[in-house]
Amino acid sequence: MSDAFSPIPAALHRNLSDKLYEKRKNAALEIEGIVKNLTSAGDHDKISKVIEVLIKEFAKSPQANHRKGGLIGLAAVTVGLSSEAAQYLEQIVPPVINSFSDQDSRVRYYACEALYNIAKVVRGEFIIFFNQIFDALCKLSADSDANVQSAAHLLDRLVKDIVTESDQFSIEEFIPLLKERMNVLNPYVRQFLVGWITVLDSVPDIDMLGFLPDFLDGLFNMLSDSSHEIRQQADSALSEFLQEIKNSPSVDYGRMAEILVQRAASPDEFTRLTAITWINEFVKLGGDQLVRYYADILGAILPCISDKEEKIRVVARETNEELRTIHVEPSDGFDVGAILSVARRQLSSDFEATRIEALNWISTLLNKHRTEVLCFLNDIFDTLLKALSDSSDDVVLLVLEVHAGVAKDPQHFRQLIVFLVHNFRADNSLLERRGALIVRRLCVLLDAERVYRELSTILEGEDNLDFASTMVQALNLILLTSPELSKLRDLLKGSLVNREGKELLVALYASWCHSPMAIISLCLLAQAYQHASVVIQSLVEEDINVKFLVQLDKLIRLLETPIFTYLRLQLLEPGRYTWLLKTLYGLLMLLPQQSAAFKILRTRLKTVPTYSFSGGDQQISRASSVPFSQYMHHHEDGDRKEDNNINNSHQGINFDARLQQFENVQNQHRGLARTKVNYSYSSSSSSTSKEVRRSEEQQQQQQQQQQQQQQRPPPSSTSSSVGDNNRPPSRSSRKGPGQLQL
């Protein structure tokens, strides 16, 4: 093309491809003059030919200097065209953009320079190539050559100015391109992207907020960048958007909420704080719009309540309370089941604060949406029961409140007590560590009498006798000592005279039969002293074991507490309460004399007066020198009167049948104990017989070895050494006739 028909003279052609920049620059200025003349003449065909030559022979040339000359030439053409350059942009701009990916860094540099000059001329007409230019600049922002990066930054600033001035920019076409690159990790690219987001958001006519969900996740991703500058830029952009959200009448909270929920679980502390702050604002601003996302939001908030960073914990708690105060109904799309599922999962959290808030949510839902919660009860009930074993007392107390809320319905009450007993049976440590706390709290929340009656009914039919005995002993101790059960104790104290007390006594008696000491304690509490004495007399040798004595020791010490003040005062009237004395002396006889409990009870009985204050001065009977057996005989008439009173006051309580019931249950326990002993004996006997057989076999082997040694011939004289002949004879060899060998 460098002939006479070429629009570019041969000399100009050579200078444009020269290796020296000055020659190429001068050649470009000549091309600019040629194009100006052609433009003035209106010779558009020749202008197109000039552009075509610059593209084919220069811009696409395999030689780097030619490509450089072509780029500077295309820029010169644009300058020469001036106001008419827009109609040639489809030819000029594409080869320049293609040069951004040239392998030669100097070519890429000149491409930036050329496009910069082109953009300055055409300004707004340049927008039709924006997406392509943006893509190219995004790559050049991370270029390995510092000069190229610098040139790209200059071009980038110019393009931003043009876009902010233009009314032809299409944000809809740009957002997919931006979203595609938001997850790039290169720090230069990230700075480039944040810069564009900030610039576009500052343009009043461009609604970046409406497209925020498309690139919000990318911005949050930048908050954990290793570069402080990038984190700061991303945070600044997010803060600006959050302020716009507060001032905007319509925002798509839902799509952004999904992103925030994920980012609230980020390992980066700053990202978590920003995410939870956004969620907090969303709940305040668009609570009703977030109904469908309540479960997801709660799932993000609860773990943050136990975050190691205090700022996060504070915001999370505030958000949690705000969310709980919003009044919505299932008809509004509120998913009770989803919320319960989140709370159930968080009950397994390693952090106490999170578990507590999860329980608070279950309790809140139970109060507000009881019917819906009960529909999902099977999904959460097992988890709630397991939570009774929690290491935190506060968690256990909250669990009990939830259980109590559920158990207001009779069928659920029965289910709760059954499952509770099952858990105690399966985990003995739970009964030891939490038994008293659980039972006492349930008695407060669900009525003590109701709880104890149900427990007694379940334990009455318990197959595991050892567990039944342990459980009854625990319940009996709680009954005797807990302030929460004072009304129940008062009711039992009046069991001789009021119907409610009698019914309760009978209800508890059936299961209390599993423990002799529990029965005796119950009788002392109910003032059924004659029956207590009869129970003591019915005990046999097998019943008096270590466990029994331990329980008896506890009872003796309890007799000295304020709970049994009434009983100690009754000892002031020994003539009236003869069976009480018999009972206490019976207990004394069961105790080892050297035990502390024996000394305590004996000391108490020594204080019993030898006269009664009940009949006034005229009926005081002194018996200071009368033995206890004679004292009891002396009051035989009084006993008969007391028996008559007891028979009259215990109408409806057949103590003979109760005693038979007690003995039947105790016989079952004795049978179980004998079975265990026999099994232990048979096991030990079996092992002993094996040892005997093994010992006999060893003895037989030793005897056989000795016989074999005796049958061996004595060693020959030749085999004896000379030294042996010189030795003195042994004691066994120095014997006379008729002497035994020593």
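## The nonpolar core

Among the 232 residues of the largest nonpolar core, the ones that touch the most other members are M208, F215, L219, W278, Y452, L479 and W512. These positions belong to a predicted model, and the description that follows should be read with that in mind. In general terms, nonpolar side chains in soluble globular proteins tend to be buried together.

One of these core residues, L479, can be followed through its contacts: once its neighbours within four places in sequence are left aside, L479 is in contact with Y452, L485, L488, R489, L492, L508, W512, L522 and L525. Two residues in that list, Y452 and W512, are also named among the core members that touch the most others.

## Aromatic pairs

A pair of aromatic rings is described by the distance of the centres and the angle of the planes. The structure holds 20 aromatic pairs. One of them joins F130 and F134, whose ring centres are 5.9 Å apart and whose planes meet at 35°, which makes the pair tilted. Both residues lie in helix α7, which covers residues 130–140, and they are 4 residues apart, about one turn of the helix. F130 and F134 are both buried.

The rings of W278 and F282 also form a tilted pair, because their centres are 5.9 Å apart and their planes stand at 55°. W278 and F282 are found in helix α14 (residues 269–286), again 4 residues apart, or about one turn of the helix, and both of them are buried. Beyond single pairs, F130 and F134 belong with F169, F174, F192 and W196 to one aromatic cluster.

## Charges over rings

Some charged side chains are placed over aromatic rings. R106 lies over the face of Y109, at 4.8 Å from the ring centre, while the charged end of R450 sits over the ring of F413, 3.8 Å from its centre.

## Salt bridges

Side chains of opposite charge can pair when their charged atoms come close. Across the whole structure, a search finds 36 salt bridges. In one of them the side chains of D143 and R108 meet, with 2.9 Å from N to O. This pair links distant parts of the chain, since D143 is in the loop between α7 and α8 (146–165) and R108 is in helix α6 (residues 105–122), 35 residues apart. Both D143 and R108 are buried.

Another salt bridge brings together the side chains of D393 and R434, also with 2.9 Å from N to O. Because D393 lies in helix α21 (residues 393–406) and R434 in helix α23 (residues 428–446), the pair ties together parts that are 41 residues apart in sequence. D393 is partly exposed, with a relative accessible area of 40%, whereas R434 is buried, with a relative accessible area of 7%.

## Around D543 and Q666

D543 forms a salt bridge with R670, and the closest N and O atoms of the two are 2.5 Å apart. Here too the pair links distant parts of the chain, with D543 in the loop between α29 (529–538) and α30 (546–558) and R670 in helix α36, 127 residues apart. Both D543 and R670 are buried. Elsewhere, salt bridges that share partners join D135, K139, E180 and R181 into one network.

Q666 has its place in helix α36, which covers residues 655–711. With a relative accessibility of 4%, Q666 counts as buried. Not counting residues up to four places away in sequence, Q666 touches C513, H514, S515, P516 and D543.

Notes. Residues numbered from 1 in each chain as written. Predicted model: local features only at pLDDT ≥ 70, side-chain atom pairs only at ≥ 80, totals over all residues. Heavy atoms only, no water. Phe/Tyr/Trp six-rings, centres within 6.5 Å; stacked < 30°, edge-to-face > 60°. Helix = DSSP H or I, 4+ residues; strand = E, 2+ residues; numbered from the N terminus. Buried < 20%, exposed > 50% of the residue type's maximum accessible area, 1.4 Å probe, protein only. Lys NZ or Arg CZ within 6 Å of the ring centre and 35° of its normal. Contact = heavy atoms within 4.5 Å. Core = buried A, V, L, I, M, F, W, Y, C linked by side-chain atoms within 4.5 Å. Salt bridge = Lys/Arg side-chain N within 4 Å of Asp/Glu carboxyl O.
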